[in-house]
Structure formats: structure tokens, C-alpha cells
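Please look at the sequence and the structure together, and follow the pairing of charged side chains before turning to the packing of helices.

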Amino acid sequence: MKNTVDFFHTSPATDRPALHITDEAEACASVLVACLHANELFDDEGENAAFYTTIKSRNVFKGYDTAALIEIAGGYYQQAGSPVALIDAAIGAIREQTRLPLFYHCLDVILADGVVTPQEHKVFQYLKGKFKVEDELAWKAMEVLVAKNQL
């Protein structure tokens with residue numbers, strides 16, 4: 001298991017150029033990669049089935065090579081230096097109508113283990129604000145996905 005990256009702090013690099021993602025599929029994949037890395041139980045060798053299923057099957061990713069998309073998003077993660085910086089770089093390329101479904105998939109990725117850790121709660125709050133998801137809707141989603149992932 002790798003050391004957990006602090007979701008809100010970029011790794012040190014003073015000369016890091018501003019990252020701006022313009023392709024919506026790459027932006028969505030990048031947000032999912034950010035969520036994957038923000039999960040405190042993320043393991044570089046392990047697989048997160050929710051992450052891979054989403055990248056392979058959702059409409060926004062149709063026509064893209066899955067492995068290439070994951071590699072591109074991983075490269076953006078390295079450039080950004082933190083999950084929050086990657087989300088910030090990607091949000092502008094994600095259409096309003098895509099944000100709520102992506103939010104649900106993000107929750108599925110970070111809650112894949114069925115446990116809500118303090119770090120995951122922070123991620124949830126950040127995404128909720130960034131994607132402009134109403135509190136009641138977000139909490140219902142959290143409740144359903146935690147229950148679903150406890151199986």
C-alpha cells in the first residue's frame with residue numbers, strides 16, 4: 001500500500017506549469033483518477049472495479065482506448081501533483097450535464113471499500129461543492145453507495 005497523498009496539498013514543485021485539460025473524456029477520466037488516488041486505501045497494484053468499469057463502459061469514454069485514456073489521466077495526475085489540483089484543472093472541460101453522473105461515479109470509486117474515512121469525507125465535500133451538487137442529493141448518493149459497496 002502506498003503512502004496516502006494529501007488530497008488538498010500539491011506535492012512540492014515551485015515551477016509547475018498550470019495544467020488545463022480541454023477534452024471532456026480526458027477531464028472525466030482525470031477526475032476519476034484523482035478520486036482513485038485520494039482514496040486512503042488506494043493500492044498501486046490493486047484494482048478498483050468501479051474505476052475500471054466506469055472508464056470502460058460510460059458513454060463519455062466511447063471511442064477512446066481505455067488504456068490510453070488511463071495513461072493520459074495518470075500523466076495529468078503527475079503534472080498536477082495532487083488530486084485537488086487535477087480536479088481543478090479538469091472541471092472546465094466537463095459539461096454541466098455530465099457533472100452529476102460523474103459525481104456519482106466518483107463516489108463509487110472513493111467508496112469502493114464500503115467505508116467512509118475522514119479523508120474520503122473531505123473528498124466528498126470538495127466534489128459536492130465543485131460539481132454544485134445539492135446537499136440532499138449528495139447525501140442520498142453517499143448513503144446508497146456506502147450500502148451498495150458493503151456487499
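In this predicted model, the structure holds six salt bridges, and three of them are followed here in turn.

One of these salt bridges joins the side chains of Glu24 and Arg95, with a nitrogen-to-oxygen distance of 2.8 Å. The two partners come from distant parts of the chain, 71 residues apart, since Glu24 belongs to helix α1 (residues 24-38) while Arg95 sits in the loop between α4 and α5 (96-110). Their surroundings can be described through relative accessibility: Glu24 has a value of 15% and therefore counts as buried, the limit for that class being under 20%, whereas Arg95, with a relative accessible area of 44%, is partly exposed.

Within helix α5 itself, Arg99 and Glu96 lie three residues apart, about one turn of the helix, and their side chains form a salt bridge in which the closest N and O atoms are 3.1 Å apart. Here the arginine is the buried partner, because the relative accessibility of Arg99 is 10%, under the 20% limit. Glu96, by contrast, has a relative accessibility of 52% and so counts as exposed, the cut-off for that class being over 50%.

A further salt bridge is found between Lys140 and Glu136, whose closest N and O atoms are 3.1 Å apart. Both residues belong to helix α7 (residues 135-148), and because they are four residues apart in that helix, about one helical turn separates them. Lys140 is partly exposed at a relative accessible area of 48%, and Glu136 is exposed at 55%, so that neither residue of this pair falls under the 20% limit for buried residues.

From the charged pairs the path leads on to the packing of two helices. Helix α3 (residues 66-80) packs with helix α4 (residues 83-90) at an angle of about 115°, and the axes of the two helices are 8 Å apart. Because angles from 65 to 115 degrees count as roughly perpendicular, α3 is described as roughly perpendicular to α4. The crossing by which α3 passes α4 is right-handed. On the α3 side the contact is made by Ala73, Tyr76, Tyr77 and Ala80, and on the α4 side by Pro83, Ala85 and Leu86. What is the make-up of this contact of α3 with α4 in nonpolar, polar and charged residues? The contact has seven nonpolar residues, with no polar and no charged residues among them.

Methods: Residues numbered from 1 in each chain as written. Predicted model: local features only at pLDDT ≥ 70, side-chain atom pairs only at ≥ 80, totals over all residues. Heavy atoms only, no water. Axes fitted to C-alpha atoms, helices over the stretch in contact; angles between N-to-C directions. Parallel < 35°, antiparallel > 145°, perpendicular 65-115°, else oblique. Left-handed = near helix turned anticlockwise from the far one by under 90°. Contact = heavy atoms within 4.5 Å. Nonpolar A, V, L, I, M, F, W, Y, C, P; charged D, E, K, R; others polar. Salt bridge = Lys/Arg side-chain N within 4 Å of Asp/Glu carboxyl O. Buried < 20%, exposed > 50% of the residue type's maximum accessible area, 1.4 Å probe, protein only.
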